[in-house]
Amino acid sequence: MSGDVVTRDPIDVGALLAELRDDGRGATAVFLGSVRSGPDDGPVTAIEYSAYEAMVGEEFGRIVAEAAGRWPGTAYRVRHRVGRVSAGDPSIAVAASAPHRAEAFEACRYVIEEAKQRLPVWKREILADGTTRWREG
Amino acid sequence: MAVSCLLFGRYAELLGTAQLELELGQPATVADAVERLRGTHPHGDRLPPSPLVAVNREHVGHDRVLAHGDELAFLPPLAGG
């Protein structure tokens, strides 16, 4: 991996893909998770993300190392936003690149599922009336 | 021995601090540190009896033995992504 995993800036997917470009890897799968404000979420206008930033970097590194061991020849770029992220904007990106599409999809799925379970990140929802509340899961 | 404790999210709010030092006898486990914090900090009992913890930026169980200078983090239920 390279670059800062935790970022206060909008996630630049194009930059992640450019970093992953390699003639030997013909397949790249990207997962983007965005702040949701659907009918079941209440009037959420944004989420304030906080993180144990040093551990997020290390834990993402462990997850990616596990995936690289399981699917040889794969490479990864990951980002997680902290700070205020508006509804609809991406908060997490996982890009997995592999020689073939099957491994790219599987590896990308593995990394995002493990990230959801293991990254020390918390979110505080900001509602339309300005109030906030911790959101779990 | 001393370990430095970090509190995040809701836990930092509940205890009114994001960082503190704990003095522990040796040997001591994470469970001992949790018990000490819950028993001695003014708002320690606001922490759940068995919170998620990390030592030196790695998830660990409560039976993990601590060493002087360890960084012990108390993690509210995770909500990344």
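In the predicted model, Y49(A) touches, beyond its neighbours up to four places away in sequence, a set of residues that includes V35(A), H80(A), R81(A), V82(A), G83(A), V85(A) and S91(A), together with V121(A), W122(A) and K123(A). The contacts of Y49(A) also extend to chain B, where A79(B) and G81(B) are touched. With G81(B) there is in addition a polar approach, the backbone oxygen of that residue lying 2.9 Å from a polar atom of the Y49(A) side chain. Y49(A) belongs to strand β3 of chain A, which covers residues 44-51, and its relative accessibility of 3% places it among the buried residues, because the limit for that class is 20%. Y49(A) and R124(A), although 75 residues apart in sequence, have C-alpha atoms separated by 6.5 Å in space.

W122(A), one of the residues touched by Y49(A), also takes part in an aromatic pair. Over all chains, 3 aromatic pairs are counted. In one of them the ring centres of W122(A) and F8(B) are 5.2 Å apart and the ring planes meet at 15°, so the arrangement is classed as stacked, the angle being under 30 degrees. This pair crosses between chains, since W122(A) lies in strand β7 (residues 121-127) of chain A, whereas F8(B) lies in the loop between β1 (2-7) and α1 (9-15) of chain B. Both partners are buried, W122(A) with a relative accessible area of 2% and F8(B) with a relative accessibility of 14%. Together with Y52(A), these two residues form one aromatic cluster.

Charged side chains were examined next. The structure holds 16 salt bridges over all chains. Within chain A, R118(A) pairs with E59(A), with a separation of 2.8 Å between the closest N and O atoms; the two residues, 59 apart in sequence, connect helix α3 (residues 101-118) with helix α2 (residues 53-70). R118(A) and E59(A) are both buried. A further salt bridge is found between the side chains of R124(A) and E13(B), at 3.1 Å from N to O. Because R124(A) is located in strand β7 of chain A and E13(B) in helix α1 of chain B, this pair joins two chains. E13(B), at 47% relative accessibility, is partly exposed.

In the salt bridge between R135(A) and E125(A), the closest N and O atoms are 2.3 Å apart. This pair, 10 residues apart, links strand β8 (residues 132-135) with strand β7 of chain A. Its two members fall into separate accessibility classes: R135(A) is partly exposed at 26%, while E125(A) is buried at 2%. Elsewhere, salt bridges that share partners join E58(A), E59(A), R62(A), E66(A), E114(A), R118(A), R57(B), E58(B) and E71(B) into one network.

As regards the overall fold of chain A, 3 helices and 8 strands are assigned, following the order β-α-β-β-α-β-β-β-α-β-β from the N terminus. The radius of gyration is 16 Å, close to the 14 Å given by the globule rule for 137 residues, so chain A is as compact as a globular protein of that length. The C-alpha trace spans about 50 × 25 × 25 Å along its principal axes. Of the 137 residues of chain A, 46% count as buried, and its accessible surface comes to about 6,700 Å², with 48% belonging to carbon and sulfur atoms. Among contacts in chain A between residues at least 6 apart in sequence, 76% join residues at least 24 apart.

Key: Residues are numbered from 1 along each chain as its sequence is written. Chains are lettered from A and ligands numbered from 1 in the order in which they are written. This is a predicted model: local features need pLDDT of at least 70, side-chain atom pairs count only at pLDDT 80 or more; totals for chains, interfaces and linings use all residues. Side-chain values use heavy atoms; hydrogens and water are left out. Rings of Phe, Tyr and Trp (its six-membered ring) pair if their centres lie within 6.5 Å; planes under 30 degrees apart count as stacked, over 60 as edge-to-face and the rest as tilted. Helices (H or I, at least four residues) and strands (E, at least two) are DSSP runs, numbered from the N terminus. Buried means under 20% relative accessible area, exposed over 50%, partly exposed in between (1.4 Å probe, protein chains only). Contact means heavy atoms within 4.5 Å. A polar contact is a pair of N or O atoms within 3.5 Å; within protein, one must be able to donate a hydrogen and the other to accept it, and residues adjacent in sequence count only if both atoms are side-chain atoms. A salt bridge is a side-chain nitrogen of Lys or Arg within 4 Å of a carboxyl oxygen of Asp or Glu. The radius of gyration is taken over C-alpha atoms; the globule rule is 2.2 Å times the number of residues to the power 0.38. Accessible areas come from the Shrake-Rupley method with a 1.4 Å probe; for residues, only the protein chains shown count as cover.
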